[in-house]
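This report goes through one protein chain, beginning with its charged side chains and moving on to its cores, its overall make-up and its strands. Please keep the sequence and the structure in view while reading.

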Amino acid sequence: MDKAVIEVVASIFSKISDAPDEAELRKEYNKEMQKCRAKQTKLGTELKKYQKQYDKLNEEIANTLIGESFYSPEQLSAAMTTVQQRITAINQQLEKIGNEMEQKKASMEKVRPMYDMFKGWAEEFRMATIEQKKMIISQVISRIEIGKGYKINITLNMEYEQFCVGWNGLNNL
């Protein structure tokens with residue numbers, strides 16, 4: 001096994017070793033979820049306000065029918081359309097936030113077991129013999145190509161690559 005490959009893998013594992021522990025991961029996750037819940041609360045308040053407006057406009061239609069309204073049916077119709085559009089937009093935003101929260105939760109649940117496994121490997125890798133390092137490398141790397149000028153191209157195992165994507169997703173929320 002080439003020394004350069006071992007150095008690359010050691011570098012990868014050092015990044016995992018330097019990564020925040022579970023408490024920091026959980027803290028960041030909770031912070032992001034709080035932001036989402038705050039947005040939901042704000043939108044929920046706006047939604048209630050517009051729903052009350054819509055109900056009042058509906059009542060005003062009844063007043064128009066019996067001739068006790070200051071507004072024309074066209075004015076009420078336009079106002080109701082505008083309020084209905086706002087209600088629809090808020091509901092779409094609430095749905096989007098709900099989906100975002102589900103994705104964050106799924107990402108956190110997916111990253112945690114992999115984080116433990118890779119962090120354990122990172123700790124073992126430093127103290128491992130060459131044979132043990134080869135075994136660990138075979139779990140993290142699916143392909144190593146050496147090209148012209150000894151250029152090394154390493155393809156990570158799909159599971160590790162997904163872990164890295166999930167990890168970045170959590171840190172870039």
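## Lys-104 and its partner

In this predicted model, Lys-104 counts as buried, with 7% relative accessibility. The cut-off for that label is under 20% relative accessible area, so a value of 7% falls within it. Lys-104 makes a salt bridge with Glu-32, and the closest N and O atoms of the two are 3.9 Å apart. The two residues lie in distant parts of the chain: Glu-32 belongs to helix H2 and Lys-104 to helix H3, with their positions 72 residues apart. Glu-32 is buried as well, at a relative accessible area of 5%.

Side chains of opposite charge can pair when their charged atoms come close. A salt bridge here requires the nitrogen and the carboxyl oxygen to be within 4 Å, so the 3.9 Å of Glu-32 and Lys-104 meets the rule.

## The charged network

Glu-32 has another salt bridge, to Lys-35, with an N to O distance of 3.5 Å. Both residues sit in helix H2, and because they are three residues apart there, about one helical turn separates them. Where Glu-32 is buried at 5%, Lys-35 is partly exposed, with 43% relative accessibility.

Which residues are joined into one network by salt bridges that share partners? The network consists of Glu-32, Lys-35, Glu-100 and Lys-104. The count of salt bridges comes to four. One of them lies between Arg-143 and Glu-145, where the closest N and O atoms are 2.7 Å apart. Glu-145 counts as partly exposed, at 31% relative accessibility.

Lys-105 is also a residue of helix H3. The relative accessible area of Lys-105 is 38%, which makes this residue partly exposed. The C-alpha atoms of Lys-105 and Met-33 are 8.8 Å apart, while the two residues are 72 positions apart in sequence.

## The nonpolar cores

In soluble globular proteins, nonpolar side chains tend to be buried together. In this model the largest nonpolar core has 17 residues. Those with the most contacts inside this core are Tyr-50, Leu-57, Val-83, Ile-87, Ile-90, Ile-97 and Met-101. Helix H2 (22-65) and helix H3 (73-127) each supply at least two of the core residues. H3 gives the largest share, nine residues. There is also a second, separate core of 13 residues, among them Val-5, Phe-13, Phe-118 and Ile-136.

Val-83 is a residue of helix H3 and is buried, at 5% relative accessible area. Leaving aside residues up to four places away in sequence, Val-83 touches Tyr-50, Gln-53, Tyr-54 and Leu-57. Val-83 and Leu-57 are 26 residues apart along the chain, and their C-alpha atoms are separated by 9.3 Å.

## The chain as a whole

The protein chain contains five helices and two strands. In sequence order they follow the pattern α-α-α-α-β-β-α. Of the 173 residues, 29% count as buried.

Among the contacts with a separation of 6 or more, 71% are between residues 24 or more positions apart. The chain exposes about 11,800 Å², of which carbon and sulfur atoms supply 52%.

## The strand pair

How do strands E1 and E2 pair, in the parallel or the antiparallel sense? Strand E1 and strand E2 (residues 152-156) are antiparallel and share five bridges. Arg-143 stands opposite Thr-155 in E2. Arg-143 is also the residue that forms the salt bridge with Glu-145. Five residues lie between the strands of this hairpin, and Gly-149 takes a positive phi near 65° there.

In a regular strand the side chains alternate between the two faces of the sheet. Ile-144 is placed in strand E1 (residues 141-146). Ile-144 is partly exposed, with a relative accessible area of 36%. Together with Ile-146 and Tyr-150, Ile-144 makes a nonpolar surface patch of about 360 Å². Membership of a patch requires over 30% relative accessible area, so the 36% of Ile-144 satisfies that condition.

Note on methods
Residues numbered from 1 in each chain as written. Predicted model: local features only at pLDDT ≥ 70, side-chain atom pairs only at ≥ 80, totals over all residues. Heavy atoms only, no water. Patch = residues over 30% accessible without salt bridge, like charges linked within 9 Å, V, L, I, M, F, W, Y side chains within 5 Å. Areas by Shrake-Rupley, 256 points an atom, 1.4 Å probe, with all protein chains shown as cover. Salt bridge = Lys/Arg side-chain N within 4 Å of Asp/Glu carboxyl O. Helix = DSSP H or I, 4+ residues; strand = E, 2+ residues; numbered from the N terminus. Buried < 20%, exposed > 50% of the residue type's maximum accessible area, 1.4 Å probe, protein only. Pairing = 2+ DSSP bridges. Core = buried A, V, L, I, M, F, W, Y, C linked by side-chain atoms within 4.5 Å. Contact = heavy atoms within 4.5 Å.
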